Amino acid sequence: MCDACRSLNLNPEKINGQDRAAYQKISNIYGLSPTETLQVSLCYFHDVELFTLGEKRFMEKLQDLKRDIMYNKSKYTNIRHNRPNQ
Ligand SMILES: [Zn+2]
């Protein structure tokens with residue numbers, strides 16, 4: 001599940017269409033922790049949005065996601081190991 005969609009209560013299938021509903025990408029977030037590289041799982045739409053806006057503006061736009069990352073960092077560390085199926 002896309003972390004951005006989850007924070008916005010969006011259905012990834014609705015905003016991505018069926019063809020891209022299965023798309024999941026793990027993206028590194030560098031600016032929210034000075035000591036760790038955090039990772040988010042993103043759908044196609046939000047992966048493109050992160051790319052086009054840049055991390056800083058993406059996080060400004062998605063305040064709920066930003067807050068969740070800052071207060072639950074362990075959830076966004078080593079996401080590959082914690083969520084092998086995504
Ligand atoms: Zn999404």
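Trainee: Is Leu10 buried, exposed or partly exposed?
Mentor: Keep in mind that this is a predicted model. Leu10 is found in the loop between H1 and helix H2 (12-16). A residue needs 20 or more other C-beta atoms within 10 Å to be buried, and 12 or fewer make it exposed. Leu10 has 16 C-beta neighbours inside 10 Å, so it counts as partly exposed.

Trainee: And which residues is Leu10 in contact with, leaving aside its neighbours within four places in sequence?
Mentor: Don't look to Glu49 for this one: its C-alpha is 15 Å from that of Leu10, and the two are 39 residues apart in sequence. Contact here takes C-beta atoms within 7 Å. With that cut-off, the contacts of Leu10 are Cys5 and Ile15.

Trainee: Let's move to H3. Why do its buried residues line one face of the helix?
Mentor: Start with the names: in H3 (residues 44-53), the buried ones are His46, Asp47 and Leu50. Seen down the axis of H3, they line one face because they fall within an arc of 110°. An α-helix has 3.6 residues a turn, so residues three or four places apart point the same way. The arc to remember for H3 is 110°.

Trainee: Which exposed residues does the face of H3 turned away from its buried side carry?
Mentor: First, the buried side: those residues pack against helix H1 (3-8), strand E1 (25-29), strand E2 (38-42) and helix H4 (55-61). Turn to the face pointing away from that side, and you meet the exposed Phe51 and Thr52.

Trainee: What residue follows H3, and what is its phi?
Mentor: Step just past the end of H3 and you land on a glycine. Its phi is positive, and the residue is Gly54, with a value near 85°.

Trainee: How many residues of E2 are buried?
Mentor: Take the two sides in turn: Leu38, Val40 and Leu42 are buried on one, Gln39 and Ser41 on the other. In a regular strand the side chains alternate between the two faces of the sheet. E2 is largely enclosed by the rest of the structure, because its buried count is 5 of the 5 residues.

Trainee: Which residue of E2 is the bridge partner of Asn28?
Mentor: E1 and E2 run antiparallel, with 5 bridges joining them. Look across from Asn28 into E2 and you find its partner, Gln39.

Trainee: Zooming out, what radius of gyration does the chain have?
Mentor: The chain holds 6 helices and 2 strands. For 86 residues, a compact globule would come out near 12 Å, and the chain agrees, so the value is 12 Å.

Notes:
Residues are numbered from 1 along each chain as its sequence is written. This is a predicted model: local features need pLDDT of at least 70, side-chain atom pairs count only at pLDDT 80 or more; totals for chains, interfaces and linings use all residues. Helices (H or I, at least four residues) and strands (E, at least two) are DSSP runs, numbered from the N terminus. The arc is that of the directions from the helix axis to the C-beta atoms. Two residues are in contact if their C-beta atoms, placed from the backbone, lie within 7 Å. Two strands pair if DSSP finds at least two bridges between them. The radius of gyration is taken over C-alpha atoms; the globule rule is 2.2 Å times the number of residues to the power 0.38.
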